[in-house]
Amino acid sequence: MEEITPLAQKCRIAHPNDHVLNTECAYTFHNPYTTPNGIVVNMTTFIGSCQEMATKGDGVETSLFLRIVKEKKEKDDDWVDLGKDTETAETKLGIGVEGGFKTEADKFITTSTYSILLLSSQNSIVAELPYSDETKSTFPTMVVESADSIIHHSGLATAQDLKVWELDDEPKPVSKYF
């Protein structure tokens, strides 16, 4: 913890107009799901990358990063046979809404793990501490605010709007030229 405290003042808080690359590496196609190490997001520049490329061209001796690792696990219930069951059959023309068709995301449970990572300029780990609701109180306030802003950065509302589609209830007028 004593290594992280001096670097806490360099952490920035991500605002809605900031570009935060927390879903994919900026240099490769790595994402939090592809490797057991996930990706690391620089808490100063908000650039996400795989750990091997995290400090390329930084010129800084040590930097703070947020490691994001996600894992998909298949649900146990038989979601494939939902159309055969009368009580869970689709009753509405819609995707991702109650009574509508199920999405591929309904098949999996996603677990996310986070940690605060201190990397040297040679990409060696100086310190790595788990970050969760239980361990937040042990970190400096600036580190907590920066990590939370990276984890909960916008894009969630846009993704939900694109994921959910439902047919309008009002009928469309029939054209007289049909």
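## Exercises on a predicted protein chain

Arg 67 is buried, its relative accessible area being 6%. The model in which this residue is found is a predicted one, and the exercises below begin with the chain as a whole before turning to single residues and their partners.

### Exercise 1: The chain as a whole

Work out how many helices and strands the protein chain has, and in what order they run.

**Solution.** Counting the elements gives two helices and seven strands. Read from the N terminus on, their order is β-β-β-β-β-β-α-α-β. The next step is to look at burial: the protein chain has 178 residues, of which 31% count as buried. The area that the chain exposes comes to about 11,900 Å², and 54% of this is supplied by carbon and sulfur atoms. Finally, among the contacts in the chain with a separation of 6 or more, 65% are accounted for by residues 24 or more positions apart.

### Exercise 2: Arg 67 and its partner

Find which residue meets the side chain of Arg 67 in a salt bridge, and state which parts of the chain the pair ties together.

**Solution.** The partner is Glu 128, and the distance from N to O in this salt bridge is 2.8 Å. Glu 128 belongs to strand β6 (residues 125-131) while Arg 67 belongs to strand β3, so the pair links parts of the chain that are 61 residues apart in sequence. The two partners can then be compared for accessibility: Arg 67, at 6%, is buried, whereas Glu 128, with 36% relative accessibility, counts as partly exposed. The cut-off used in this step is that buried means under 20% relative accessible area. As a last step, the salt bridge between Glu 128 and Arg 67 can be placed among the four that the structure holds.

### Exercise 3: A network of charges

Determine which residues are joined into one network by salt bridges that share partners.

**Solution.** Side chains of opposite charge can pair when their charged atoms come close. Begin with Asp 133, whose side chain meets that of Lys 136 in a salt bridge of 3.5 Å, N to O. Lys 136 also forms a salt bridge with Asp 148, where the closest N and O atoms are 3.2 Å apart. Asp 148 lies in helix α1 (residues 141-151) and Lys 136 in the loop between β6 and α1, so this pair ties together parts that are twelve residues apart in sequence. Shared partners thus join Asp 133, Lys 136 and Asp 148 into one network. With regard to accessibility, Asp 133 counts as exposed at 62%, Lys 136 is partly exposed at 23%, and Asp 148 is among the buried residues of α1. The elements covering the buried residues of α1 include β1 (39-42), β3, β5 (108-120) and β6.

### Exercise 4: Rings and a charge

Describe the aromatic pair that a search of the whole structure finds, and then state over which rings Lys 72 lies.

**Solution.** A pair of aromatic rings is described by the distance of the centres and the angle of the planes. The search finds one aromatic pair. Its rings are those of Tyr 131 and Phe 139, with centres 5.7 Å apart and planes at 55°, so the pair is tilted. Tyr 131 and Phe 139 are both buried. Turning to Lys 72, its charged end sits over the ring of Tyr 33, at 5.5 Å from the ring centre. Lys 72 also lies over the face of Phe 108, where the distance to the ring centre is 5.1 Å.

### Exercise 5: Thr 55 in its loop

Establish whether Thr 55 is buried or exposed, and list what its side chain reaches.

**Solution.** First locate the residue: Thr 55 is found in the loop between β2 (48-49) and β3 (62-74). With a relative accessible area of 9%, Thr 55 is buried. Its side chain reaches the backbone oxygen of Ser 121 at 3.3 Å, and a polar contact of 2.6 Å joins it to the side chain of Asn 123. Once neighbours within four places in sequence are left aside, the residues in contact with Thr 55 are Phe 65, Leu 119, Ser 120, Ser 121 and Asn 123.

### Exercise 6: Pro 32 before the first strand

Find how far apart Pro 32 and Glu 71 are, in sequence and in space.

**Solution.** Pro 32 lies in the segment before β1 and is buried, with a relative accessible area of 3%. Pro 32 and Glu 71 are separated by 39 residues in sequence, and by 7.8 Å in space from C-alpha to C-alpha. Leaving aside neighbours within four places in sequence, the contacts of Pro 32 include Ile 68, Val 69 and Lys 70, as well as Asn 22 and Thr 23.

Technical notes: Residues numbered from 1 in each chain as written. Predicted model: local features only at pLDDT ≥ 70, side-chain atom pairs only at ≥ 80, totals over all residues. Heavy atoms only, no water. Helix = DSSP H or I, 4+ residues; strand = E, 2+ residues; numbered from the N terminus. Buried < 20%, exposed > 50% of the residue type's maximum accessible area, 1.4 Å probe, protein only. Contact = heavy atoms within 4.5 Å. Areas by Shrake-Rupley, 256 points an atom, 1.4 Å probe, with all protein chains shown as cover. Phe/Tyr/Trp six-rings, centres within 6.5 Å; stacked < 30°, edge-to-face > 60°. Lys NZ or Arg CZ within 6 Å of the ring centre and 35° of its normal. Polar contact = N/O pair within 3.5 Å; in protein donor to acceptor, adjacent residues only side chain to side chain.
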